[in-house]
Every structure is written in C-alpha cells, then in structure tokens.
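Please look at the model below with its helix packing and its chain contact in mind. The paragraphs after it take these two topics in turn.

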Amino acid sequence: MSGMVGGIQAYHGAELYELSPATREPKWARYTILGLSLTFFAIFLLMPLLAVFVEALRKGWDVYWQAITNPDTGAAIRLTLLAAAIAIPLNVVFGVAAAWCISKFEFRGKQLLITLIDLPFSVSPVVAGLVYVLVFGAHGWFGEWLSEHNIKIIFAVPGIVLATIFVTFPFVARELIPLMQAQGTDAEEAAVSLGASGWQTFWRVTLPSIKWGLLYGVILCNARAMGEFGAVSVVSGHLRGQTTTLPLHVEILYNEYQFAAAFAVASLLALLALVTLGIKLFIEWKSA
Amino acid sequence: MSFKPARRRALVVALAIGLSSLAGLVSAAELKLKNVSYDPTRELYAEFNPAFSKYWQEKTGNTVTIDQSHGGSGKQARALLDGLDGDVATLALGYDIDVLAEKGDLLPKNWQTLLPDNSTPYTSTIVFLVRKGNPKAIKDWPDLGRDGVEVVTPNPKTSGGARWNYLAAWGYALKQPGGNEETAKAFVKKIFDNVRVLDTGARGSTTTFTQREVGDVLITWENEAYLVLNELGKDDYEIVTPSLSILAEPPVAVVKKYADQHGTAELAKAYLEYLYSPVGQDIVGKHFFRPRNAEALKKYQAQFGKVKLFTLKEVFGDWAKAQQTHFSDGGTFDQIKIVQGLKLN
C-alpha cells in the first residue's frame, strides 16, 4: 500500500515538473527526442526481431515445423538445455557464496576477488575457448593424461559445459554483491544474537531478502548460457547432432544455404529471449 | 536431505534400471564413425553417408551412424591435431593431412599410398562465379587482375580451397609464353590487389559473394559454383570456366590413431573405399565433383565446362614444397600482401 502512495506522489512530482515553464522543454524538442528514440528502437531492435520471424516463415509453416522438429535441432536444444542446467546451479552456489563472503565479511584480497569475478566479462569468449583447448587439447597440459584415460573434454559435451560455465560465471555474484552490501549485516547480527545458527541465519534471514535479486541473476545467466557462441564454437568441433548448441546449429544451417531453417532455429532463440524479458519484467514488478 | 528407507530403495531400483538400460544400448551393434571434412562437401556427405549405412547394414547387419564436422580445411586439421577424434579425415588438400602425420603422429606418413588414385576418390578444379550476364566480361584469369574488378576468395592461410585458387592462378601465369616465377608473382599480385574480402573458408566466401553481394567474381571450387547455381538460382549467377586451371585433388584418409582408439579402423577403411564404388562415384558426380571412375565420369562429363588441367605435381612438385614456397610465413603470399600494404600507405 505504501508503495502505491509513493507511486502516486512520484507521478504528481513529474506532472509538476512538466507544468513548470522553467523546466519544460519546447514542444518541438520533446517530439524530436521522442521521435529519435522511437526510430532507433524500431530500426535497431524491433526490425531485426521481426526480420528473424519473417525470414523463418518465408517458406511457410511446413519448412518452419520441419526445421524445429529435425533430430539435429532436437539434439542442439537438448545440449543447450543441458549446458544451461549444469551452469546455472553451479553459478547460484558460487554466486551466493562469493556475494556472502564479500558483503558480510572483511578480509584481505577482497578487492582482488571482486576483480577476478569480473574476468569472464572482460576476456573475449574466443580467448576463453582457446584457453580450454590449450589446457585440455591433445597437445595441451593434460592432453596426454586425458587421452590415456580415454576422457574427452574438448570437442565433446564437457568442453561445451565448461565454456558455458566460464562465460556465465559472474552473473549471479554481480547481481547479489551490490544488493547484499546495501542491506548490510544488521539483520544477520540480530539473528545470531538471538541464537540462530549460521545455516538458520542464511535460510531464514539472508535468502528471503535476496531471492528476487538471485532470480534475476539466474535469468541473465540462463540467457547468456543459451545464447553463447564464441567460446562454445572454439571447443565444439561442430559435430552435427553431437556437439552443436542452438547458436552453432543456426550457423551450420546458414552455411548450408538452408536460410529459412536457420532463421526458424534462430526464432527459437529469439522466443527464448522474449520469454526471458517477460520473466525479468515480472521479477522487477514483484520485487519493486 | 534424508530419504525414508522405502523411498531410498525405490531410488536404488530406479537407478539400477537406468544403468542397465544404458549398458544395453552399448552392447547393441550400433557403430559410430566421425568424418572431419572441409567446407564444400556438406551436401556430398549428407547423401553419401546414408548410402554407406545402408550398404553396411546389408553387408554386416550392423547399423552405422556417421557424424559430420565441416569447416575450413586448415582449421579442421588444427582441430584434429588438438584432439577432435575423427575416424576419417576428408580434407581439401594433401598438406593438411601431411600435417596430421608429421605434427600429430595421427596416421602413417605414407597415408597417400593406402588408397587408390593418391587417396583422392574425387577431383575438382577452380572456376569463376560471376553475376548474371557477366557485366564485367570476365573470361579468363587475366581479367581478374584488371582495374575495377572486385574479386572474392577465401584466405590461403586458413582455407584449402583458397590455396588451390592461388596455385591455379600462379600455374596459369607460369604456363603463358615467357612465364617465370617473377611474372607469375606479379600476375597473382594483381589479382590479390583486387580482393576486397578474405574469408576463412570457401563457404564463407560464397556467402559473402551471394548473400552480402560483395564483388564481381568469386574464385571457387567447381563443385561449389554448381551448388550455388542449383541452390540459389540460375537467374542470378553464371559460371565462367577459365581456359586453364589446376586439377584439385582433395584427399581422404583413415586417422589411424583415433580409429584404433575407437576400434573402427576396418569400418573407416570400408567407408572410404565405398567412395570409390560405383554407388559412391555416382553420388560424387551428382554433387559436381569429378569422379575418378571412367564410367561415372562419362555420365557426368557433360555438366562440366571444358578446361585444360595441370596437376600440382607437374608445376609445384608436392604440397610440402608448395606450402613452403607460397603459404609459409614470409612465402610469396605474404610478400604480395606486404607490397600491397606499402602501396596503400
């Protein structure tokens, strides 16, 4: 209820701001700026999105349906979901642990840890992929040992999962650190002084207050995990139906002149993005 | 998390069932083969693989599924070296398989003698693809070096097809009256001065030429050029066959180390040998590669343009030598590029 009242007040505030001649822009300026931003939105965001669906359906629903029910597409969907399903829980565990460490405790090297968490954001995904090839490839550090024990990492599913984990590493932690820092440690200290154990404090006090931020991090992490191209491309080996994720499958289809099919699979990714945005909106609304 | 005993037992049973059904899958005679290939063979192997599976099932009763990986030939050789465990390598040129033998010990050094016809079951050559009506009137190699003609070819450093392109132009210049290494270098340089985009693989260049509509002429594999006509429309493009070109021999080989690891050496050999069979050769011709088999060649001869062909052997010796002279660091390709850079500065 208090949120609603605040909202109404804020709305009135904006109205007053608009009405005052001192702070009001001339009409032409307002419409030009509005027009510009809408044009940019239409050209750079809306048009490509529409183009994906138009191209996907260019040869009709039959071709579209065949493309997305093709066994290789099915395998790509499964691999993409598998990589995301492994990367996300690991990210949640790591992200919560790291954010908890950083925001609730003081220790040496804290700044270094924060910087390291950001590493996957600053390194090009292609480099990340190449590093895995250098470490686990046949001529890499562990190459000989791995091949002696008949373990495949590069050009197989584990490599793809590893690359996905690497590029999505910071999402949950990045989302939670500012949130938990802002919340401070008062509530936890109160809980502990009332006799709660560390585990109880986490489950009953910390987690409820960060759940929306956590979910938001998971959503972003999921979007990146499913959409990643560069790092995964380097370690994939591009075996059809074996080591191709959805984005890689789109590239293969495009290279085989199956443009409608390529866009059909791309439209799956676009739909995924739209669903992600929808959930994100819902979370923002819920947590506001 | 704690399970009640009854529930735990159910879980154990479920796990056991799951594991035993997995084991069941493994023991069935379901064979797998990995073919690591170069760019323009996608459609060829998409048709050949089911044909081989059918043949193998009729012969032995076992089913085979073949996994395909495609990319620039040099890039694929690199991936094989790094551990992409293909049972067979079907690449664009001999050098890329030589590398596997020398740097990776993946197969014996005499691999090229293990199958007929220098281990090349199909050949091709290098032709030009131009826009409908041939607006720049391109007829032969010298036209590619003319002012105002924009040329598209992949990068010889990463693409096997591009290396054939480069050597075809070089060989043409050598075989002109008064031709020598110097005139050939100047000739090829003029062509590469006209190149606007160097993609990493043949398929990338085709997409640049057809989808992005860059350039007046695409230098490419004959089979790739015909594929474009068939897939993307005869109304938009034409093939120009030069008077003289190179006989491109894309080789195939069993990657012994990986095949031995998988226990598929026999199967892999049979797979490649089937390429030489009448059925294989017919599929080869259907996809605009030139068959080795005389009968199949006769059947498909009419679809190819008339062109005199020289072999790599008669002009350049062997791949090791050609690679060293032209495409290694500081080779003629680098010299041409450096001079070009100076001119631009």
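What follows goes through three helix pairs of one chain and then turns to the interface between two chains.

The model is a predicted one, and a convenient place to enter it is helix H10 of chain A, residues 170-183, which takes part in two of the packings described here. Helix H4 of chain A, residues 71-104, meets H10(A) with axes that come within 8 Å and cross at roughly 30°. Because angles under 35 degrees count as roughly parallel, H4(A) and H10(A) are roughly parallel to each other, and H4(A) passes H10(A) in a right-handed crossing. On the H4(A) side the contact includes Asn91(A), Phe94(A), Ala99(A), Trp100(A) and Lys104(A), while H10(A) contributes Val172(A), Ala173(A), Leu176(A), Ile177(A), Met180(A) and Gln181(A). Sorted by class, this contact has 11 nonpolar, 4 polar and 1 charged residues.

H10(A) also packs with helix H12 of chain A, residues 198-227, at an angle of about 155° and with the axes 7 Å apart. Since angles over 145 degrees count as roughly antiparallel, H10(A) and H12(A) are roughly antiparallel to each other, and the crossing is again described as right-handed. From H10(A), residues including Phe171(A), Val172(A), Glu175(A), Leu176(A) and Met180(A) meet residues of H12(A), among them Ile210(A), Leu214(A), Tyr216(A), Cys221(A) and Arg224(A). This contact has 11 nonpolar, 5 polar and 2 charged residues. Val172(A), Leu176(A) and Met180(A) of H10(A) are thus listed in the contact with H4(A) as well as in that with H12(A).

A further pair is formed by helix H14, residues 246-255, and helix H15, residues 259-287, both of chain A, which pack at an angle of about 165° with their axes 8 Å apart. That angle makes H14(A) roughly antiparallel to H15(A), and their crossing is left-handed. Leu246(A), Pro247(A), His249(A), Val250(A), Leu253(A) and Tyr254(A) in H14(A) meet residues of H15(A) that include Phe259(A), Val265(A) and Leu269(A). By class, the contact has 11 nonpolar, 1 polar and no charged residues.

Between the chains, the contact takes 26 residues from chain B and 17 residues from chain A, and about 1,900 Å² is buried between them, 54% of it on carbon and sulfur atoms. Within chain B, Arg42(B), Asp82(B) and Leu84(B) lose the most area to chain A, together 24% of what that side buries. The interface holds 2 salt bridges; Arg42(B) forms a salt bridge with Glu256(A), the closest N and O atoms being 3.6 Å apart.

Terms used: Residues are numbered from 1 along each chain as its sequence is written. Chains are lettered from A and ligands numbered from 1 in the order in which they are written. This is a predicted model: local features need pLDDT of at least 70, side-chain atom pairs count only at pLDDT 80 or more; totals for chains, interfaces and linings use all residues. Side-chain values use heavy atoms; hydrogens and water are left out. Axes are lines fitted to C-alpha atoms, for helices over the stretch in contact, and angles run from 0 to 180 degrees between N-to-C directions. Helices (H or I, at least four residues) and strands (E, at least two) are DSSP runs, numbered from the N terminus. Angles under 35 degrees count as roughly parallel, over 145 as roughly antiparallel, 65 to 115 as roughly perpendicular and the rest as oblique. A crossing is left-handed if the near helix is turned anticlockwise from the far one by less than a right angle, and right-handed if clockwise. Contact means heavy atoms within 4.5 Å. Ala, Val, Leu, Ile, Met, Phe, Trp, Tyr, Cys and Pro count as nonpolar, Asp, Glu, Lys and Arg as charged, and the others, Gly among them, as polar. Buried area is the accessible area (1.4 Å probe) that two parts lose on being put together, summed over both. A salt bridge is a side-chain nitrogen of Lys or Arg within 4 Å of a carboxyl oxygen of Asp or Glu.
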